[in-house]
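I wanted to look through the aromatic side chains of this model and what sits around them. My entries follow the structure.

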Amino acid sequence: MLFRSVGVPDLERATPQRLLLNLDIRTDLTLAAASDDLGQTIDYFALTRRLLAFGKGRSWRLIEKLAVDIAELVLTEFQAAAVEVEVRKFIVPETRYVAVRVARSRTGE
């Protein structure tokens, strides 16, 4: 669970909202599986800490932009081969949530 300022109207961005992130990260696990060495894979605890700190004091109008920014962070800072990021927002009372999902890769695909 993450709380960030997201929304098109200024009033909606005035108070951080509860968001849920789902990440599907792709990377070559061959060396990590063979060695059982954390240094050969993505440190998911470090990634989680980074995501919790990411964007504090910042706001986004669209969850689409937030999702793309998170995807770029995972690709550049954690050297993932590809990532899918889903951001769920719980603002619309008539729904469980609204969500967007973006996919990015280091090769641009």
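**Aromatic pairs and their surroundings**

I began with Asp69 and found its side chain joined to that of Trp60 by a polar contact of 2.8 Å. The model is predicted, so I note these as computed values.

I placed Asp69 in helix H4, which covers residues 63-77. Is Asp69 buried or exposed? Its relative accessible area is 12%, under the 20% cut-off, so I entered Asp69 as buried.

I then listed the contacts of Asp69, leaving aside neighbours within four places in sequence. Phe54, Arg58 and Trp60 are in contact with Asp69.

Next I looked up ring pairs. How many aromatic pairs are there? I noted a count of two. One of them is Phe54 with Trp60, where the ring centres are 5.8 Å apart and the planes stand at 40°. That angle is neither under 30 degrees nor over 60, so I entered the pair as tilted. Both Phe54 and Trp60 are buried.

Phe90 and Tyr97 also form an aromatic pair, with 6.0 Å from centre to centre and 65° between the planes. I entered the Phe90 and Tyr97 pair as edge-to-face.

I checked accessibility for these two rings as well. Phe90 has a relative accessibility of 27% and counts as partly exposed. Tyr97 has a relative accessible area of 28% and is partly exposed too.

Last, I asked which residue lies over the face of Phe90. I found Arg18 there, at 3.9 Å from the ring centre.

Methods: Residues numbered from 1 in each chain as written. Predicted model: local features only at pLDDT ≥ 70, side-chain atom pairs only at ≥ 80, totals over all residues. Heavy atoms only, no water. Phe/Tyr/Trp six-rings, centres within 6.5 Å; stacked < 30°, edge-to-face > 60°. Buried < 20%, exposed > 50% of the residue type's maximum accessible area, 1.4 Å probe, protein only. Lys NZ or Arg CZ within 6 Å of the ring centre and 35° of its normal. Helix = DSSP H or I, 4+ residues; strand = E, 2+ residues; numbered from the N terminus. Polar contact = N/O pair within 3.5 Å; in protein donor to acceptor, adjacent residues only side chain to side chain. Contact = heavy atoms within 4.5 Å.
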